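Grab the model and work through these exercises with it open. Each has a task, then a solution in steps.

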Amino acid sequence: MIQLHDLYFKPFLSFHEIDSAVENLAYQINRDLKDKTPVFLGILNGSYMVLADLTRKFKGDCEIGFLRTSSYSGTASTGEIRLDMELDIDLTDRVVVIVEDIVDSGLTVEALSRKLKIHNPAALYIATLFLKPEVYNRDLKIDYVGQNIENKFVVGYGMDYNNLGRNLPELYVQTKPMKNIVLFGPPGAGKGTQAERLKEKYGLVHISTGDVFRYNIKNATELGTLAKSFMDKGNLVPDEVTIKMLNAEVEKHPNAAGFIFDGFPRTDAQAKALDELLESKDTQVSGMVALEVDDEILVQRLLERGKSSGRPDDANETVIRDRIKVYYKQTAPLKNYYQAQDKYYGVDGEGSIDEITDRLSAEFDKL
Ligand code: AMP
């Protein structure tokens, strides 16, 4: 992922793929215009790269000129175009090819085509490396297209975002970075309580694997029956089952701005599975934010919660202590996994709920 000004972009077309599109454009133009000594008019600034590469692939004689227009401010078309035409080539009776890097609404090419016809060319063609057919809705025919692309804001290969990105040899598409936070800590640290508050504050999706298991137990699903036998003893549900379930939960939210993972990952295998899942979505764990709480306070909190939560694993001190043991043995080592990547942020988890939310928010803001 790259950043230009305030926006983020991810790779979209490789240099090789762009070259194939230029090749395709050149093939069509060579086929029709090789012997016509055309005038190629590049539209500045965006088309400087395509004009250079296209004309190198042109097999006949030609002349080259540039026109300057502008209709974009940031990522949005302003609806008006400015035209600077100081052409030293007489277009009268010539075969003229307007060369664009990209045509979307078609505003620029339509205005240009109108203005250039006043010069009485023998023929006027429009060539564009990329066309967005979803948004192009004008009567004017686009004669030559290198490749159709979907309606997304792209930069690179001549195209810019507020003047940056033109020099990139590949094409990039705008993307929103996700905030994916692993909320970490032993049982009773307050992850669930805090996640409920933080998901609202940051517009994130909260996934608690413990909650999903409990929901399945309540609804007597196959998954619930399987999970219950492990949970009642304070043990972890097997990785294979948990990972599959977590993947399914993430898939339910294709447009999420990010996730708070609460109670996942709890093992090395789960941490690796989470990395793979997020990587498949071109994103990653932003950080592990851990609530650090003394063990005796945990036991007291869980016994207290057990009086009203109805959770069988909170009702009995032996099971509570077993869960804390399981945490230290299997889960706590994950601190090292994220620390090695500089992604571990420890937070004091003792104090009032509001105080702890403030401390967590300070870390969330940084990520
Ligand atoms: P929690 O609500 O996070 O305290 O989880 C309650 C119980 O659900 C745990 O003690 C485990 O038995 C099970 N569980 C929740 N998340 C996981 C996980 N990521 N891996 C394995 N078991 C889990």
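**Exercise 1. Find which atoms hold polar contacts with the ligand.**

Start at arginine 266: one of its polar side-chain atoms sits 2.9 Å from a ligand nitrogen (a polar contact is a pair of N or O atoms within 3.5 Å). Next, go to threonine 209, where a side-chain N or O atom is 2.7 Å from a nitrogen of the ligand. Then check valine 237, which uses a polar backbone atom, 3.0 Å from a ligand nitrogen. Now the burial: the ligand alone exposes 480 Å², and the protein buries 96% of that (Shrake-Rupley areas, 1.4 Å probe).

Before going on, a note on the source: this is a predicted model, with local features needing pLDDT of at least 70 and side-chain atom pairs counting only at pLDDT 80 or more, while totals for chains, interfaces and linings use all residues. Residues are numbered from 1 along each chain as its sequence is written, and side-chain values use heavy atoms, leaving out hydrogens and water.

**Exercise 2. Locate the cis peptide bonds.**

Remember that most peptide bonds are trans. Step one: leucine 44 and asparagine 45 are joined by a cis bond, omega about 0 degrees. Asparagine 45 belongs to the loop between β3 (39-44) and α2 (48-56) (helices are DSSP runs of H or I, at least four residues, and strands of E, at least two, numbered from the N terminus). Step two: phenylalanine 264 and proline 265 share another cis bond, with omega about -5 degrees. Proline 265 is in the loop between β13 (258-262) and α8 (268-279).

Conventions. Polar contact = N/O pair within 3.5 Å; in protein donor to acceptor, adjacent residues only side chain to side chain.
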